[in-house]
Amino acid sequence: MSFRLLVLNGPNLNLLGTREPEIYGHDTLADVEARCHALLAAMGGNHELVFRQSNHEGELVTWIQQAIGTVDGIMINAGAYTHTSVAIHDALRAYQGQTIELHISNPHLREPFRHVSYVAPAADAVIAGLGVAGYEHGLEILVRKLGEKA
Ligand code: CA2
């Protein structure tokens, strides 16, 4: 069984590996993307992965809309839009596939404004606080969950 997977990254995640390494680590987003592709290749099954980042809320909404009927599972790190975006929440509610919300840090250990997520009520699962390794763990879980449903 092969699945079409989409990993979405929100604002400022293009800065990964360049600032605040004590929170987000030293890996760049390109490193993380490469590891996600390597993981899927190692898992076999010929899964298709599109990995994207945008600083623009509407672009993320458009990508989620385009995933409707074309993508089996989405993993999303919406960055700061996690805590503000009704638009991303609504788009994810319109998407029928499996959804995982991902965070590199654990927002609940940080400032109170990060304790609310508009993504979580529209997601099947939430992964947080595992560092960038969470991307690989999340993808593995996403593929496993899709396999259980197929
Ligand atoms: O922990 C996460 O993955 C977050 O989604 C990251 C967001 C933050 O607003 C969320 O509360 C939690 C911020 C992403 C910014 O990433 C940077 C990476 C390196 C340097 C500066 C920003």
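Trainee: Which side chain does Arg-4 meet in a salt bridge?
Mentor: Arg-4 pairs with Asp-72, at 3.3 Å from N to O; a salt bridge here is a side-chain nitrogen of Lys or Arg within 4 Å of a carboxyl oxygen of Asp or Glu. Keep in mind that this is a predicted model, where local features need pLDDT of at least 70, side-chain atom pairs count only at pLDDT 80 or more, and totals for chains, interfaces and linings use all residues. Residues are numbered from 1 along each chain as its sequence is written, and side-chain values use heavy atoms, with hydrogens and water left out.

Trainee: And how many salt bridges does a search of the whole structure find?
Mentor: Five.

Trainee: OK, new topic. Which residues come nearest to the ligand?
Mentor: Asn-77, His-83, Ile-104, Ser-105 and Arg-114, out of 16 around the ligand; being around it takes a heavy atom within 4 Å.

Trainee: What kinds of residues make up that shell?
Mentor: Seven are nonpolar, six polar and three charged. Nonpolar covers Ala, Val, Leu, Ile, Met, Phe, Trp, Tyr, Cys and Pro; charged covers Asp, Glu, Lys and Arg; the others, Gly among them, count as polar.

Trainee: How far is the polar side-chain atom of Ser-105 from a ligand oxygen?
Mentor: 2.6 Å. For His-83, a polar side-chain atom is 2.7 Å from a ligand oxygen.

Note on methods: A polar contact is a pair of N or O atoms within 3.5 Å; within protein, one must be able to donate a hydrogen and the other to accept it, and residues adjacent in sequence count only if both atoms are side-chain atoms.
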